[in-house]
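I opened the model and kept a short notebook of what I looked up. The entries follow in the order I made them.

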Amino acid sequence: MWTREQIKTRAKSVLRGSYWKAFLVSIILGIAGGGRGGFNFRWNINSNDRGYGRYVPQSIMDNARHMIPYIISIATIAIIITLLIFLFRIFLGYAIEIGGKRYFVRAAGKDVDLNNIGYSFNGERYKNIIKVMLYRGVLIILWTLLFVIPGIIKSYAYNMVPYILADNPQIGYKRAIEISNGMTDGEKFNMFILDLSFIGWYILGALALGIGVLFVNPYVHATHAELYLVFRQKAIDSGICSAEELMVDRLI
């Protein structure tokens, strides 16, 4: 059985002496982390029409028509930027995220090698990581479309997938989901409370012109890595997976 105090204490211990490396990795993880329409009508009036507020002045309609090309241009740029962010998240963000998770998991064992950030950028590793993370993302989106609460619950259920990939980047997409589900079974509410426990730190960080939040993130990432290590051992002990399957104590 784990407690918030235990894993937070371990996270603080890990950060001693390597905080600035963890800070850099957290910054990188943060970076990795995403037509035409309207009313067109006119009322014609004659010299005997005494009504007020019953028509749109011609000058306003002319200005609106002149703005249409600009609106279309802005919308097009917004769509392109959104698409680029989406592609960046899939083809670079996922791989960087796994590397960042690997750094924090390894740091818990005193291996604070920044080269772990680029760990995913290997042919076979990379392809499988993208496939598994994309599958996870689609599942979360589908559950969220069903209703918001199931989406939140499933996001916690699949929360360990990036860490599982950090241990074994070759694991199958269905198996990664299955193991994460097993690890988080009965733990989702505790995970939610753990996340809530950082609110005070984030509020303090926000008061420091928002910059302070950046200094909280290494603590959060280190704590989540410690939580994964607890879940990993529980999963191995309970037979959800084997040490070999997660390549524990192997350098790959």
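Are Arg89 and Glu97 buried or exposed? I looked this up before anything else. Arg89 is buried, and Glu97 is buried too. Their side chains meet in a salt bridge, at 2.7 Å from N to O. I note here that the model is a predicted one.

**Entry: overall layout**

I read the secondary structure next. The protein has 10 helices and zero strands. From the N terminus on, the order of elements is α-α-α-α-α-α-α-α-α-α. I then checked burial across the chain. Of the 252 residues, 37% count as buried. The accessible surface comes to about 14900 Å². Carbon and sulfur atoms hold 65% of that surface.

**Entry: salt bridges**

I listed the charged pairs. The structure holds five salt bridges. Arg89 with Glu97 is one of them.

Next I took Arg232. Its side chain meets that of Asp167 in a salt bridge, at 2.9 Å from N to O. Arg232 belongs to helix 10 (residues 212–237) and Asp167 to helix 6 (residues 161–167), so this salt bridge ties together parts that are 65 residues apart in sequence. I checked the accessibility of the pair as well. Both Arg232 and Asp167 are buried.

Then I looked at Arg175. Arg175 forms a salt bridge with Glu178, and the closest N and O atoms are 3.1 Å apart. How far apart are Arg175 and Glu178 in helix 7? They are three residues apart in that helix (residues 173–184), so about one helical turn separates them. Arg175 has 22% relative accessibility and counts as partly exposed, because the buried class ends under 20%. Glu178 is partly exposed as well, with a relative accessible area of 47%. I followed the shared partners from there. Salt bridges join Arg175, Glu178 and Glu245 into one network.

**Entry: aromatic rings**

I turned to the rings. The count comes to 13 aromatic pairs. I wrote down two in detail.

Tyr103 and Phe104 form an edge-to-face pair. Their centres are 5.2 Å apart, with 85° between the planes. Tyr103 is buried at 1% relative accessibility. Phe104 is buried at 4%.

Phe121 and Tyr126 form a stacked pair. Here I read 6.0 Å centre to centre and 25° between the planes. The pair counts as stacked because planes under 30 degrees apart fall in that class. Phe121 is partly exposed at 42% relative accessibility. Tyr126 is partly exposed at 21%.

I also looked for clusters. Tyr19, Trp20, Phe23 and Phe215 form one aromatic cluster.

**Entry: charges over rings**

Which residue lies over the face of Tyr119? I found Arg102 there, at 3.8 Å from the ring centre. I logged a lysine case too. The charged end of Lys154 sits over the ring of Trp143, 4.8 Å from the centre of that ring.

**Entry: Ser120**

I picked Ser120 for a contact check. Ser120 is found in the loop between helix 3 (58–107) and helix 4 (123–146). Its relative accessibility is 0%, so Ser120 counts as buried. What is Ser120 in contact with, leaving aside its neighbours within four places in sequence? I listed Ala95, Ile98, Gly99, Arg125, Tyr126 and Ile129. Tyr126 also appears in my ring notes, as the stacking partner of Phe121.

**Entry: nonpolar patch**

I ended on the surface. A nonpolar patch of about 850 Å² is made by Phe189, Phe192, Leu196, Ile199, Trp201, Ile203, Leu204 and Leu207. The elements that give two or more residues to the patch are helix 8 (188–196) and helix 9 (199–207). Which helix gives the most to the patch? Helix 9 does, with five residues.

I checked one patch member in more detail. Ile203 is found in helix 9. At 48% relative accessibility, Ile203 counts as partly exposed, because exposed means over 50%.

Conventions. Residues numbered from 1 in each chain as written. Predicted model: local features only at pLDDT ≥ 70, side-chain atom pairs only at ≥ 80, totals over all residues. Heavy atoms only, no water. Salt bridge = Lys/Arg side-chain N within 4 Å of Asp/Glu carboxyl O. Buried < 20%, exposed > 50% of the residue type's maximum accessible area, 1.4 Å probe, protein only. Helix = DSSP H or I, 4+ residues; strand = E, 2+ residues; numbered from the N terminus. Areas by Shrake-Rupley, 256 points an atom, 1.4 Å probe, with all protein chains shown as cover. Phe/Tyr/Trp six-rings, centres within 6.5 Å; stacked < 30°, edge-to-face > 60°. Lys NZ or Arg CZ within 6 Å of the ring centre and 35° of its normal. Patch = residues over 30% accessible without salt bridge, like charges linked within 9 Å, V, L, I, M, F, W, Y side chains within 5 Å. Contact = heavy atoms within 4.5 Å.
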